[in-house]
Amino acid sequence: MNMAFVKHRTRMVSIAFGLISLGLYPVAAQSPLQRQLAGAMESKEDGVTKSGRPKPPQWYAKKNGKLSGKGCTITFADGDSAMGYLGPSDDWKESFFLVSGPDVPVPAKAKSVKVTLSTDGEPDRTVTATQIGIDGEQNGLVIFLLPSIDAALDVMQNEEGVRVSMAGSQIFASAWTKGHEARDKMRACLAG
């Protein structure tokens, strides 16, 4: 991810957290945001083959919305870890980048947190994100509000490592491959 992509991230994440805390995007069990995040995490739970062996790391593309071009997600699942992009939905206009893994703490309720985001080829950036839990999910999630899903997809690398640290400890690390193929699926979904 390049610096132009994350230029306004701190302000945008503060807006997202404010909307969540005001109840405009409530994180109760049945909220639209939580359902969308849970839908993105479903692919992680499909990480075992019929023979019981772990599936290789891979991308999953889903559409969780009723309206054309809405509810599109791409998620890269690697064992118990996942990261991906959520586009605008039937219920909101915003887009998010998310990470989830066994070392991401599950908060009692959504909260704003300072994290250090590290991506291959870019300097580390300390930003404000939202830490959230989902009912039935044992890993926490960190979500980053994106200024634009199109801008995020424009700077998406074909192969990219992502690391997130909180309070000086690394809570997430993974790397995707075939990012451009996933990006093309996301763009096709967004186009309706």
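This passage describes the strand arrangement of a predicted model and the helix that packs on its sheet.

In the predicted model, 9 strands are arranged in an open sheet with antiparallel pairing, and their order across the sheet is 1-2-3-4-7-6-5-8-9. The edges are formed by strand 1 (58–63) and strand 9 (169–176), each of which pairs on one side only. From one strand to the next, the twist of the sheet averages 30°. Helix 5, spanning residues 179–191, packs on this sheet, where strand 1, strand 2 (72–78), strand 3 (81–86) and strand 9 are touched by the helix. The direction of helix 5 makes an angle of about 155° with that of strand 2.

Within the sheet order, strand 5 stands between strand 6 and strand 8, and its pairing with each of these neighbours can be described in turn. Strand 5 (residues 111–119) and strand 6 (residues 125–132) run antiparallel and are joined by 7 bridges. Along this pairing, K111 of strand 5 is found opposite Q131 in strand 6, while L117 is found opposite R125. The two strands form a hairpin in which 5 residues lie between strand 5 and strand 6, and G121, located in the turn, has a positive phi of about 80°.

The pairing of strand 5 with strand 8 (residues 160–166) is likewise antiparallel and extends over 4 bridges. Here T119 has V162 in strand 8 as its bridge partner. In general, the strands of a sheet pair through backbone hydrogen bonds, in either a parallel or an antiparallel manner.

Methods: Residues are numbered from 1 along each chain as its sequence is written. This is a predicted model: local features need pLDDT of at least 70, side-chain atom pairs count only at pLDDT 80 or more; totals for chains, interfaces and linings use all residues. Side-chain values use heavy atoms; hydrogens and water are left out. Two strands pair if DSSP finds at least two bridges between them. Axes are lines fitted to C-alpha atoms, for helices over the stretch in contact, and angles run from 0 to 180 degrees between N-to-C directions. Contact means heavy atoms within 4.5 Å.
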